[in-house]
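User: Could you take a close look at the open sheet in this protein for me? I would like to know how the strands are arranged and what packs against them.

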Amino acid sequence: MNAQHGRNGALERSAPRPLDIALLASVFVVAACGLLYELAAGALASYVLGDSVLQFSTIIGTYLFAMGVGSWLSRYFERQLPAHFLRIELLVALIGGALPATLFLANAYVPGAFRVLLYGMVLLVGMLVGLEIPLVMRILKRNVALKDLVSQVLTFDYLGALAVSLAFPLLLVPHLGLIRTGLLFGIFNAVVAVWALWLFRHELRQLRAHALACAAVLGALLAGFAGSEHITRFAEDRFYQDRIVISSASAYQRIVVTQGRMGHRLYLNGNLQFAERDEYRYHEALVHPAMAAHGAPKRVAVLGGGDGMAVREILKYPSVESVTLVELDPAMTQLFGTDPALSRLNGGALSDPRVHVVNTDAFQWLQSSGDGRQGGGAAQGPHAEGQFDVIVVDFPDPTNFAIGKLYTNSFYALLDQRLAASGYAVVQTTSPLVARQSFWTVVQTIESVGLSAAPYHAHVPSFGEWGFVIASRRPWRLPERLPEGLRFLSPATLPLLFDFPLDMARQPAEVNRLSNQILVHTYEQEWGKVIAH
């Protein structure tokens, strides 16, 4: 009789009640919010500090450590667990929700404090999140058997983490941006606190004070969300100085276009990509030494360069029949193909019928089979399938491993396969003056796959001395003529670009491989010294 009663009691104790279901739903929201703050901190750190692998690794490690500390501290919360849970939710909502906005403002106004504030907030939010789940489990323990309790709580915790890990890059950042996303999830945390206030209203001793605290936090977060665009502009206007005319966040990067005395400027993740006043120097130097040397290029590929400036220069050759532009971020090609002011800068190049835009990863595109136009038609004339007369490689500098892979010997081996026997590839290759070791590392890496390398440089006032490398199976030859109407290059001055003074002369360098990516570390060290001074 007693044994049977004990079994029935255990069954009753394990049966979920509405209160328990509500708390488990809260676990889902809490887990989603906790991971969101972690991802936002990692994304912001990679935007500002570079090297996304290092930043995400250190942020995740710090966050998990802080969660462990929070879980350990939960042992000291013995009474009034619902009240403690409610207070912690409000603190997480306020601090975590404001984390992106606070860090954006810090980077604009007190950049020297960014790193300290970043890790301080990550530690604080991590400890608070680490307190949440143990408290929920102890509250649920009153009515749910231990084995069911652990499985149910962890199931909802992992489901919440899965949901936000998918939504963060695919929906939240592209459509809301980091600041609004952080505030939105802060509101979710505050709603959980309000829900807890209702669920435990009969247990809370200071119900009125808790209600006022919930209203204040929720009101502050809603006000911040409503004014998030003003916060973003306030931070970015200070950071970029010139008037911001376009500001958006894609799944891959933050795109900002400013307008001032230098005309339009494009920034990706805070890094200058071009200035209207002198971009012609960069793009003429990038495109024409290879295009003119070929003589009559018909099929051309551009990897990167979603702004269409390189394509503009390529279309100055009447022999060109097709240009395949491979740009990872569709937001870039959409922006520079449709915005009147920006499409004016590239001469409407992206609307030319000879131009075929492929929005995909360049590494994967090189690995793919076919003619490279992704359905644009069969290869014409003497070209082997998928090969090009000229390939222009216009990627951002190797600030992280995701970009660094595009400067490895593996990448250049694939590039070689897509290059026609008489073709030329040209690679944008950072500054040989500021980052001398990095520049010659790229040259060494290109030569390691059996290609000839012809390095050269040009002065672009917005960037300083800038470097390029022509890669080919045959030695590069000086072209006899260039297109009409160029503003920077001429046949007489072109040979000067291939002359390196002593402070930029070649020095021994290692091959940049996928397995080590030495270039990313070298680049960070060389440019870091400049920033430090």
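Analyst: Happy to; here is a walk through the sheet, followed by a helix pair and two single residues from elsewhere in the chain. Please keep in mind that this is a predicted model.

Let me set the scene with the whole chain. The protein chain has 533 residues, of which 53% are buried. Its secondary structure amounts to 17 helices and 11 strands. Counting contacts between residues at least 6 apart in sequence, 73% link residues that are at least 24 apart.

Now to the sheet you asked about. It is an open sheet of seven strands with mixed pairing, and reading across it the order is S7-S6-S5-S8-S9-S11-S10. At the edges are strand S7 (355-358) and strand S10 (452-460), each of which pairs on one side only. On average, neighbouring strands in this sheet are turned by 15 degrees against each other, with direction ignored.

The pairing of S5 with S6 is a good place to zoom in. Strand S5 (residues 299-304) and strand S6 (residues 322-326) run parallel and are joined by five bridges. Within this pairing, Ala-301 sits opposite Thr-324 of S6, while Val-302 has Leu-325 of S6 as its bridge partner. S5 is also mostly covered, with six of its six residues buried.

Next, what lies against the sheet? Strand S5 comes up again here, as the pairing with S6 through five bridges is joined by a helix contact: helix H15 (residues 409-418) packs on the sheet and touches S5, strand S8 (388-394) and strand S9 (419-428). The direction of H15 makes about 140 degrees with that of S9. Helix H16 (residues 436-448) packs on the sheet as well, touching S9, S10 and strand S11 (464-472). In this case the helix direction makes about 155 degrees with that of S10. Strand S9 is therefore touched by both H15 and H16.

Leaving the sheet, we come to a pair of helices. The axes of helix H4 (residues 81-109) and helix H7 (residues 207-226) come within 10 Å and cross at roughly 15 degrees. Because that angle is under 35 degrees, H4 is roughly parallel to H7. The crossing of H4 past H7 is left-handed. On the H4 side, the contact is made by Ala-83, Leu-86, Arg-87, Leu-90, Ala-93 and Leu-94, and on the H7 side by His-210, Ala-213, Cys-214, Val-217 and Leu-221. Sorted by class, nine of the residues in the contact of H4 with H7 are nonpolar, one is polar and one is charged.

Helix H4 also holds Ile-95. This residue has a relative accessibility of 19%, so Ile-95 counts as buried, the cut-off being under 20%. Setting aside neighbours within four places in sequence, Ile-95 is in contact with Met-121, Leu-124, Val-125 and Leu-128. Leu-128 is 33 residues away from Ile-95 in sequence, and their C-alpha atoms are 9.7 Å apart.

Finally, a residue from a loop. Pro-501 is placed between S11 and helix H17 (518-532). Its relative accessibility is 37%, so Pro-501 counts as partly exposed. The C-alpha atoms of Pro-501 and Leu-433 are separated by 9.7 Å, with the two residues 68 apart along the chain.

Terms used. Residues are numbered from 1 along each chain as its sequence is written. This is a predicted model: local features need pLDDT of at least 70, side-chain atom pairs count only at pLDDT 80 or more; totals for chains, interfaces and linings use all residues. Side-chain values use heavy atoms; hydrogens and water are left out. Two strands pair if DSSP finds at least two bridges between them. Helices (H or I, at least four residues) and strands (E, at least two) are DSSP runs, numbered from the N terminus. Axes are lines fitted to C-alpha atoms, for helices over the stretch in contact, and angles run from 0 to 180 degrees between N-to-C directions. Contact means heavy atoms within 4.5 Å. Angles under 35 degrees count as roughly parallel, over 145 as roughly antiparallel, 65 to 115 as roughly perpendicular and the rest as oblique. A crossing is left-handed if the near helix is turned anticlockwise from the far one by less than a right angle, and right-handed if clockwise. Ala, Val, Leu, Ile, Met, Phe, Trp, Tyr, Cys and Pro count as nonpolar, Asp, Glu, Lys and Arg as charged, and the others, Gly among them, as polar. Buried means under 20% relative accessible area, exposed over 50%, partly exposed in between (1.4 Å probe, protein chains only).
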